[in-house]
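Biologist: I'd like to go through this model with you, one feature at a time. Put it up and we'll begin.

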Amino acid sequence: MRKFVVTISREYGTGGHDIGKRLASLLNVPFYDREVVELTAQKYALDQARLLEMEEKSKMPQPFGRGGGLGAFADSDDRLFILQSQTVIELAQTPCVIVGRCADFILRDHPERYSFFLYSGLKQRMAHIEKSSALYLPGDPAKSATKMDRRRAAYYKYHTGQEWGRPSNYHLCVDTGMLGPKAADLLAEFVRLRGSLKGGDEA
């Protein structure tokens, strides 16, 4: 099997989790979303809630060079991000689909990485949030979408120095409002087609 990895970045309410899960099933590979957080917490004996907090709001960088390096700042966002990034790198040693976690940037040197960005119109996103309310934050869906997109953009910028959602950072950007869950089929075909063009075996 080809040693590829798929990374998915997504606007809030585009169905990225379900699409990623469907894509992983189509490609017959493992799927990781919040599992990345769980695995990181288990491996490094960290508070899972603290890791989730780190993803939601990044703080100013900590001065790692003082007083013993990373170990001196066991609760710092930077250290937590580094540990979580290590989990992403380890998972990518075998074919898989990873949602979020700046995986596209962390794995930028992976020889067969496919990075996708999912977006959609606000109306379509609101409809998806209302339909799948258990997967999203309670409250006004429009405000939640705006708030989460700003958080994701800030998180990505803080840790990568890149602009979240900029097309040039991804191999393909897809409007899920047009395709819904079927967007996974398009992404799977992209991975297979690219593999055949490179002369590799199909996934």
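Biologist: What pattern does the chain follow, read along the sequence?

Modeller: This is a predicted model, with local features requiring pLDDT of at least 70 and side-chain atom pairs counted only at pLDDT 80 or more, while totals for chains, interfaces and linings use all residues. Residues are numbered from 1 along each chain as its sequence is written, and side-chain values use heavy atoms, leaving out hydrogens and water. Taking helices (H or I, at least four residues) and strands (E, at least two) as DSSP runs numbered from the N terminus, we get nine helices and five strands. From the N terminus on, they read β-α-β-α-α-α-β-α-β-α-α-β-α-α.

Biologist: What percentage of the 203 residues counts as buried?

Modeller: I call a residue buried under 20% relative accessible area, exposed over 50% and partly exposed in between, using a 1.4 Å probe and protein chains only. Across the 203 residues, the buried share is 46%.

Biologist: And the contacts between residues at least 6 apart in sequence: what percentage joins residues at least 24 apart?

Modeller: Contact here means heavy atoms within 4.5 Å. Among contacts between residues at least 6 apart, the share joining residues at least 24 apart is 71%.

Biologist: On to the sheet. What is the order of its five strands?

Modeller: Strands of a sheet pair through backbone hydrogen bonds, either parallel or antiparallel. I count two strands as paired if DSSP finds at least two bridges between them. Here the sheet is open and the pairing is parallel, with β2 and β5 (172–175) at the edges, each pairing on one side only. The order is β2-β3-β1-β4-β5.

Biologist: Which residue of β3 does Thr 7 stand opposite?

Modeller: Strand β1 (residues 5–10) runs parallel to β3, joined to it by four bridges. On the β2 side, strand β2 (residues 31–32) and β3 pair in the parallel sense over two bridges, where Tyr 32 stands opposite Ile 98. The partner of Thr 7 is also Ile 98.

Biologist: In strand β3 (residues 96–99), which residues point the other way from Cys 96 and Ile 98?

Modeller: Cys 96 and Ile 98 point one way, and the other two named residues point the other way. All of these are buried. The ones facing away from Cys 96 and Ile 98 are Val 97 and Val 99.

Biologist: How many residues of β4 are buried?

Modeller: Strand β4 (residues 113–119) pairs with β5 in the parallel sense over four bridges, with Phe 117 opposite Cys 173 and Tyr 119 opposite Asp 175. β1 and β4 pair over six bridges, also in the parallel sense, and there Val 5 has Arg 113 as its bridge partner. β4 is mostly covered: of its seven residues, the buried ones number six.

Biologist: Now the helices. At roughly what angle do α3 and α4 cross?

Modeller: Axes are lines fitted to C-alpha atoms, over the stretch in contact for helices, and angles run from 0 to 180 degrees between N-to-C directions. For helix α3 (residues 48–56) and helix α4 (residues 77–91), the axes come within 10 Å and cross at roughly 105°. That makes α3 roughly perpendicular to α4, since 65 to 115 degrees counts as roughly perpendicular, under 35 as roughly parallel, over 145 as roughly antiparallel and the rest as oblique. So the crossing angle of α3 and α4, a roughly perpendicular one, is roughly 105°.

Biologist: How many charged residues does the contact of α6 with α7 have?

Modeller: The axes of helix α6 (residues 122–131) and helix α7 (residues 141–160) come within 9 Å and cross at roughly 110°. Leu 122, Arg 125, Met 126, Ile 129 and Glu 130 in α6 meet Pro 141, Ala 142, Ala 145 and Asp 149 in α7. Ala, Val, Leu, Ile, Met, Phe, Trp, Tyr, Cys and Pro count as nonpolar, Asp, Glu, Lys and Arg as charged, and the others, Gly among them, as polar. The contact of α6 with α7 has six nonpolar residues, no polar ones, and charged residues numbering three.

Biologist: Last one: is Leu 52 buried or exposed?

Modeller: Leu 52 lies in helix α3. Leaving aside neighbours within four places in sequence, Leu 52 is in contact with Arg 34 and Val 37. Because its relative accessibility is 17%, Leu 52 counts as buried.
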